[in-house]
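Open the model in a viewer and keep the selection panel at hand. The stops below can be followed in order.

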Amino acid sequence: MFPLLLLLLATAHGLDRLLYKPTLANSSLGGLTTTSTFVLEQPRCVFTNVQDNAVIWLVVAVPTAVRDFNNSMGPGTPERAFQKFPASAPAYMTLNATRLSYPCPKSPGEITVLRVGSETGCTTDETRPTCNGPLPRPGPYRVKFLALEDSKPVAETAWSEPITLRTARRPSSIHTMGSGRSAGMIALTSILSILFAILLAGLVAMLVFSGSDICGGSSTFSKPEAVTVRRYNTHHVYDQPAARL
């Protein structure tokens with residue numbers, strides 16, 4: 001009964017309820033969800049009937065806030081501040097843009113996405129209640145786009161399906177390299193390591209003893225054999241006088 005009443009009130013106030021439902025970006029991009037962010041497709045060719053000066057906001061809410069969500073609580077109010085989400089503010093509004101920011105149609109090959117949760121510098125800055133800060137929990141979350149003209153709601157999309165972020169893994173659950181080896185493989189590796197150490201020690205010992213033998217042999221000399229050198233006297237040969245005739 002209450003959702004029907006909200007629908008009638010929206011119609012009475014001229015709120016255009018669009019059939020478009022926000023979705024995550026194309027899976028080919030990768031990184032659609034992290035532990036604190038997610039990536040949406042831009043609402044191209046959606047708010048075609050609003051004025052150029054209308055401001056289009058992204059509303060991020062916990063699922064329990066969807067049913068009773070009040071569009072009259074605008075951005076910047078305590079009930080829509082990021083810094084109070086989700087403890088005392090079940091929803092917040094961020095990523096404001098005009099219709100001109102979402103041109104229709106999009107150019108071929110153009111990447112038209114919105115990363116929710118990408119700002120880290122304003123997480124605790126209460127002077128920036130529309131901060132696009134990292135999401136504090138895995139969720140799930142639901143989102144919609146809401147167009148305001150002079151703070152008056154004029155058009156809104158449907159709520160998205162629940163979006164759940166990735167959960168950080170505990171260090172104890174991360175398998176390190178080699179943790180899946182069997183006990184037999186570990187035992188074999190240990191035995192081979194011991195044998196290699198023994199072989200290496202034997203090789204070093206052999207080299208040490210071989211070096212000692214070489215050094216000892218080089219310091220021993222055998223007694224040289226006696227060498228007898230015979231001396232010869234040179235005999236001078238004198239020319240005899242020529243025989244007298």
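Begin with the link of Cys 45 and Cys 104, which is right-handed, with 100 degrees about the S-S bond. The model is a predicted one. Show the two sulfur atoms: the disulfide between Cys 45 and Cys 104 has an S to S distance of 1.8 Å. This pair ties together distant parts of the chain, 59 residues apart. Cys 45 sits in the loop between strand 2 and strand 3 (55-61), and Cys 104 in the loop between strand 4 and strand 5 (113-116). Colour by accessibility next. Cys 45 has a relative accessible area of 37% and is partly exposed; Cys 104, at 47%, is also partly exposed.

How many disulfides does the structure hold? There are two. Select Cys 122 and Cys 131 for the other link, where the S to S distance is 1.9 Å. The link of Cys 122 and Cys 131 is right-handed, with 70 degrees about the S-S bond. Are these cysteines buried or exposed? Cys 122 has 1% relative accessibility and counts as buried, because the cut-off for buried is under 20%. Cys 131, at 1% relative accessibility, counts as buried. With the bonded cysteines numbered in sequence order, the pairing reads 1-2, 3-4.

Switch to a cartoon view for the sheet. Five strands make up an open sheet with mixed pairing, in the order 1-7-6-3-4. Strand 1 (16-17) and strand 4 (91-98) are at the edges; each has a single partner strand, so one side of each is left without a neighbour in the sheet. Zoom in on strand 1 and strand 7 (residues 152-156): they run parallel and are joined by two bridges. Select Asp 16 to find its bridge partner in strand 7, Ala 155.

From there, move along to Tyr 20, in the loop between strand 1 and strand 2 (38-41). Tyr 20 is partly exposed, at 24% relative accessibility. Which residues does Tyr 20 touch, leaving aside those up to four places away in sequence? They are Glu 41, Gln 42, Pro 43, Val 46, Phe 145, Thr 157 and Ala 158. Add a distance label from Tyr 20 to Ser 160: the C-alpha atoms are 9.1 Å apart in space, while the residues are 140 apart in sequence.

For the last stop, turn on the surface and select Leu 195, in helix 2 (residues 183-218). Leu 195 belongs to a nonpolar surface patch with Met 185, Leu 188, Ile 191, Leu 192, Ile 194 and Ile 198. Together these residues have about 700 Å² of accessible area.

Conventions: Residues are numbered from 1 along each chain as its sequence is written. This is a predicted model: local features need pLDDT of at least 70, side-chain atom pairs count only at pLDDT 80 or more; totals for chains, interfaces and linings use all residues. Side-chain values use heavy atoms; hydrogens and water are left out. Patches are made of residues with over 30% relative accessible area and no salt bridge: like charges are joined within 9 Å, nonpolar side chains (Val, Leu, Ile, Met, Phe, Trp, Tyr) within 5 Å. Accessible areas come from the Shrake-Rupley method with a 1.4 Å probe; for residues, only the protein chains shown count as cover. A salt bridge is a side-chain nitrogen of Lys or Arg within 4 Å of a carboxyl oxygen of Asp or Glu. Helices (H or I, at least four residues) and strands (E, at least two) are DSSP runs, numbered from the N terminus. Two strands pair if DSSP finds at least two bridges between them. Buried means under 20% relative accessible area, exposed over 50%, partly exposed in between (1.4 Å probe, protein chains only). Contact means heavy atoms within 4.5 Å. A disulfide is a pair of cysteine sulfur atoms within 2.5 Å.
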